[in-house]
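Colleague: I am new to this structure and would be grateful for a close look at its aromatic rings and their surroundings. Please treat the matter as one connected account.

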Amino acid sequence: MKRLPLCFLLAFLSLGFVVPADVTFGGEVYALFGLSVPNVDGKEHAWKWTAGECGARFKVDASGGQASAHIEGKLCANSLYEDSDDKVCFDLTEAYCSYDGGWWSVKAGRQIEAWGAADGIAVTDVLCPSDQTSIFTSDYNDSHIGIDAIKLTASSETLSAQVFYIPVFTPAKLPLQNGNPLKKLLISDSPLVSDVSEDNLQEPDKEFRNGEFAIRLSAYLPFADVSLYGFYGWDDMPLIQYAMTSPFTLNLSGKYKKMSMFGVDASIPVGAFVLRLEGAVFPRRAVQTSAGSQLMEGEKSYLRRNTFAYLAGVDWMPAGWTITAQYYGDYVSGSIKHLDRKRYVHKATLSISRSFLGDTLTASVEGMAEFNDMSYAVMPSVEYAVSDELKVKLGGNLFFPGPDEKGSLGQYEDLNSIVLRVTYNF
């Protein structure tokens, strides 16, 4: 909510930039409900609500000559949140004006842009911070937050260069709301652990020297699409500091640290397949240390380490099917003593979908397996288009722990859910 004054300013400036103009309106009204189902071990977490949200999205596009503007926002009510300040939200997700000068263009305002060739996994995708308040997001704009930035673009038929300046840091949105079922995975609900809010997370000062810079260079070649990425700014996730404020109280606070990233991706057609490759290096990235090392050995909340991430994926669309498979790896160099992570983390995803009945019915299943603790997730769904405007989607989010530990996916097993989403577009 604290970014709303800037949001409204950007919105009015965006529309005023192109008046008089051709203006179009659109959006959707939606309802999302999630109901937990029994775990494989039959624990008591079944038949509780895991999602309960209703809302509306709106889009306004205006154009006049070479100038244009776009505003997109969301009004929602979440029935699970306990605090009145969190129950109703208004987010202006995008509000920007742009000018197209032919081979060059400029866009200023709040904007969302995806980086990389991966599907649902972040490798080079560090430009827009993530929204981690729900596991039931339906698209990229749901799971990411717009950045207030100036983007300059120069392009030809085969080459493109984009430069970003982001004057004010935007952190990831964490599930800190009371009543959010994800909060207990981030913060223990033990009475011995103090609560955490945005006030406990120290953001960098809003000064010119704390601005962020990014660049993307792309080439669209006959045999492949290739992009190079560079980013220098702030990690959108805080580093948590653990401290005993009394013999019976554990206090949690957090700070954000600078980071840099250099990455590359490529999409390569190979016959009926499209091969996607992506890699990134994070020199001396701040990596979270464990609570035990901080409390028992006096270690600080982070250690600087070189980290590397990569992904290889393939897309295949035989006879109406859409099949996507990906393998992801994440490696940290140097000593991992005191770090709150394993040296090498890897996982794989598989997505299969097909449309029926004249594309009115779409059935799909998505799966993910992480190999460190052998936990996995399966997400089947069926979506039916009642009309061009009205769509009903019924699905499931099922999480299974590994044999020895819950694992990064198994930790969500209490949120195994049946999910219903109804959307009306206008």
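Which residue lies over the face of Tyr30, and at what distance from the ring centre?

Modeller: Arg57 lies over the face of Tyr30, 5.3 Å from the ring centre. The model is predicted, so local features need pLDDT of at least 70 and side-chain atom pairs count only at pLDDT 80 or more, while totals for chains, interfaces and linings use all residues. Residues are numbered from 1 along each chain as its sequence is written, and side-chain values use heavy atoms, with hydrogens and water left out.

A charge sits over a ring if NZ of Lys or CZ of Arg is within 6 Å of the ring centre and within 35 degrees of the ring normal. Lys107 likewise lies over the face of Tyr96, at 4.3 Å from the ring centre.

Rings also meet one another, and the count comes to 14 aromatic pairs (Phe, Tyr or six-membered Trp rings with centres within 6.5 Å; planes under 30 degrees apart are stacked, over 60 edge-to-face, the rest tilted). One of them is the tilted pair of Trp115 and Tyr229, 4.9 Å centre to centre with 45 degrees between the planes. This pair links distant parts of the chain, 114 residues apart: Trp115 is in the loop between β5 (104-111) and α3 (140-143), and Tyr229 is in strand β10 (residues 225-234). Helices (H or I, at least four residues) and strands (E, at least two) are DSSP runs, numbered from the N terminus.

Trp115 is buried, with a relative accessible area of 3%, and Tyr229 is buried at 4%; buried means under 20%, exposed over 50%, and partly exposed in between (1.4 Å probe, protein chains only). Ring pairs link Trp115 and Tyr229 with Phe164 into a cluster.
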